[in-house]
Amino acid sequence: MDLISTSSELAASCARLASHEVITVDTEFLRETTYYPLLCVVQMASADEAVVVDALADGLDLKPFFELMANEKVLKVFHAARQDIEIIFHLAATIPHPIFDTQVAAMVLGYGDSIAYDQLVERITGYRPDKTHRFTDWARRPLTEEQLHYAVSDVTHLRDVFVALDADLKKRGRSDWVGSEMEVLTSPRTYDFHPERAWERLKTRVRKPKELAVLMEVAAWREQEAQSRDVPRSRVLKDDTVGDIATHAPTSLERLGSLRSLPKGFERSKWGTEILAAVQRGLARDPATLPKLEKPRGNSNGTAIVELLKVLLRMTSERHAVASKVIATVDDLEQIAADDNAEVGALHGWRRELFGEAALALKHGRLALAIERGRVIKVDRT
């Protein structure tokens, strides 16, 4: 294992790694107090070597690393790749490609929902990784020998995990299932957090166009503020506060200050006036330009349908050894209960074949669920 701290060393290491068809990659970063993650360490491994890169080293040019991430001849293997890719995209406007995410592959192969790296390594290799330094301060220098050992072990064991998962996927004919998920992970839209789209990240559900308009404007203001100050969104406004403002649409500092979710006295800060301006922009928006709100479910049995779909989903997950989360989410089930043509992943591709068609059949009475010898089974009613 080598510690890379100069541009020339990094360039030479990346050149060697680029000669391999597959490499493993991981990053260590901090983002508890910032909007943008601070990249501290990069670790990579091929079949021949493993390197740790001190991303905070003075004068270090990360360009060779970014070029390696974009090299189409090299498959980059990550575990839970989204945050690693987000960092690279922010720093270099580059999306690593092609990639393989072992967490997604494990879900497709029935290892459970979002399995942690250390658990996956132990289940596949029998080795139990030391996670003592998981929450260490990676910005502190110099890096300790223990930190370096921890960092490099993340990518060396990942080699064995990849080999095992890749072979199992090919054996079961599920490589394409993982491929479709990689398309989402490597889409720039996944990481391009424009303020005007910030509202899409919120769990808050609004019921009226006016509420949606205010939500969009206040969420956009919060995103811009968090970006400009480089602080987490919650340091500006918490999610439930954004939803509260959207619902009540306060037009005066007095009304803003009366919201229980807002810190006492917040309305008297400079941000109070800016929030009111965002509310006014929302109220002034033309409802015709807004995204369509989800229509209330007309079926009084909607909740019961969703519960039945949950049973079907769990049964499908267990029978095919696929994590239920990668097949469909609860939101997917709710949309399917309301609309046969819902634009959800569960009604497309391999998910539709595995679950979606049966879900629609169950919804319309062409399929029933029954218990036989203590197990839930499907009963064809056509």
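## Pairing of strands

Two strands are said to pair if DSSP finds at least two bridges between them. In this predicted model, strand E1 is joined by three bridges to strand E4 (residues 50-54), and these two strands run parallel. Within this pair, Leu-3 stands opposite Val-52 in E4.

Strand E2 has two partners. With E3, E2 pairs in the antiparallel sense over seven bridges, and Thr-27 stands opposite Val-42 in E3. With strand E5 (residues 75-78), E2 runs parallel and is joined by three bridges; here Val-22 stands opposite Leu-75 in E5.

## The sheet as a whole

These strands belong to an open sheet of six, whose order is E1-E4-E3-E2-E5-E6 and whose pairing is mixed. At its edges lie strand E1 (2-4) and strand E6 (99-101), each of which pairs on one side only. From one strand to the next, the twist averages 25°.

## A helix across the sheet

Helix H1, made of residues 7-17, lies across four strands: E1, E2 (22-30), E3 (38-45) and E4. The helix runs at about 125° to E1.

## A nonpolar patch on the surface

Elsewhere in the sequence, Val-311, Ile-371 and Val-376 form a nonpolar patch on the surface. Together these residues have about 250 Å² of accessible area.

One member of the patch, Ile-371, is found in strand E7 (residues 367-372). Is Ile-371 buried or exposed? Ile-371 counts as exposed because its relative accessibility is 69%, and the cut-off for exposed is over 50%.

Conventions: Residues numbered from 1 in each chain as written. Predicted model: local features only at pLDDT ≥ 70, side-chain atom pairs only at ≥ 80, totals over all residues. Heavy atoms only, no water. Axes fitted to C-alpha atoms, helices over the stretch in contact; angles between N-to-C directions. Contact = heavy atoms within 4.5 Å. Patch = residues over 30% accessible without salt bridge, like charges linked within 9 Å, V, L, I, M, F, W, Y side chains within 5 Å. Areas by Shrake-Rupley, 256 points an atom, 1.4 Å probe, with all protein chains shown as cover. Salt bridge = Lys/Arg side-chain N within 4 Å of Asp/Glu carboxyl O. Buried < 20%, exposed > 50% of the residue type's maximum accessible area, 1.4 Å probe, protein only.
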